[in-house]
Amino acid sequence: MQALNQGNSALGRRAVLAGVAGAALGRPAIAGDAPLKLGLMLPYSGTYAALGENVTAGFEMLLAERGGKLGGRAVTLVKVDDESDPSKAPQNVSRLLGRDRVDVLVGTVHSGVVMALVQAAREREVLLVIPNAGNAAATRELCAPTIFRTSFTNWQPAYGMGLVLGQRGVKKAAFVTWDYAAGREAAEGFRDGLAVGGGEVTQVLTVPFPQTNFQPVLAQLPGLGVEAVGAFFSGGGAVQFVRDYAAAGLRAKLPLYGPGFLTEGTLAGQGDAAEGIQTALHYGDGLDNPRNNAFRPAFKARAGREADVFAVHGYDAAQLLAVGLDATRGDAESLRPICAAMQAASIDSPRGRFKLSPQHNPVQTIYLREVRHGQNRVIGVAVPDLADPGTGCRMPA
Ligand code: PHB
């Protein structure tokens, strides 16, 4: 952590300037008891709206458990609906850091939108916790001391799914996805996993994000000569895709698999069309550990709906921040000890306890799940303790 070590770093200057400005305005030079401002940039509309809502509800639940405080300091949340629209992301981030003057950034769901947050975290040395978006760059080539993720890389669950199918002897598969980073990276993970057993992905078929006109792609699948189909979709789009796949009569001919987002938080809308679909994810229904057994009923009582992996990501983002801010008793300017504590954290997550890789991404077990009676039941382990390869990350020492 070279930059954070130097007293004369941009970060150091930022802290000093903030103190001078604060004194001139009659505020204390050190933040003291002023509430800590956290900027939550998430989708509250569009195809990923339910994901953003559950990330937020999970985050707020952990805060409530800690009396609304992190590191002993009261927390104020500033929420922005990013609409999963990459073109609006730079402006939304500027607003949070400029007008709203947040101390910490938390966001987002969409792999393209998160790039604006990553850029700000790198250029302005702001602490960023990513509670969903799985794009590789954030913890590979654009990794940074102040960037942390409590979710996954797009590669991780897709790799687990491909690995299981390869072990079952699948030799040729197709992959269907929205055409953006998350889908492309999921296709790569699926390909890498399948390749371990000697299988290959012969076609990747795409649909522009967030469109849901799947008919042209579905019509092509039977003619591809593949034994199985993997798919990355999530939220509202996943509900539609799984329904359309079943309605096209493809389930019996071409079994459908995917990273577990395909059936996560979507089962009420998918109904019978999802029954029997197997997916791989770092969470599932019926995971029997004390943290999950407490988390599930508490979330339901609070939010009025079932928890899912997105709620877990939000809860764990707040848990990780709590570790960092406890280390400095709420002093958000002391990034070096905050980041050191977060890097070393062992998070007692509803998914099972996890630690972070040196690139700040969870090392976690990928479960195999099957939809049974409207639940994503865990039926096995696809890969234990899977780390993202982290290729290209040169984290300052
Ligand atoms: C992403 O864009 O990184 C993304 C979105 C939704 C998911 C998973 C990944 O469920």
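This dialogue explains how to read a ligand site in a predicted model.

Biologist: Which residues come nearest to the ligand?

Modeller: A residue is near a molecule if one of its heavy atoms lies within 4 Å of it. Here 16 residues surround the ligand, and Val-109, Ser-111, Gly-134, Tyr-180 and Ser-234 come nearest. Residues are numbered from 1 along each chain as its sequence is written. In this predicted model, local features need pLDDT of at least 70, side-chain atom pairs count only at pLDDT 80 or more, totals for chains, interfaces and linings use all residues, and side-chain values use heavy atoms, leaving out hydrogens and water.

Biologist: Where do N or O atoms of Ser-234 and Gly-134 lie relative to the ligand?

Modeller: A side-chain N or O atom of Ser-234 is 2.7 Å from an oxygen atom of the ligand. For Gly-134, a backbone N or O atom lies 3.0 Å from a ligand oxygen atom. The protein covers 100% of the 280 Å² of accessible area (Shrake-Rupley method, 1.4 Å probe) that the ligand has on its own.

Biologist: How many nonpolar, polar and charged residues does the shell have?

Modeller: Ala, Val, Leu, Ile, Met, Phe, Trp, Tyr, Cys and Pro count as nonpolar, Asp, Glu, Lys and Arg as charged, and the others as polar. The shell around the ligand has 10 nonpolar, 6 polar and no charged residues.

Biologist: Which domains supply the shell?

Modeller: Domain bounds come from an automatic or database assignment. Domain 1 (4-152 + 287-360) and domain 2 (155-281) each give at least three residues to the shell.

Notes
Polar contact = N/O pair within 3.5 Å; in protein donor to acceptor, adjacent residues only side chain to side chain.
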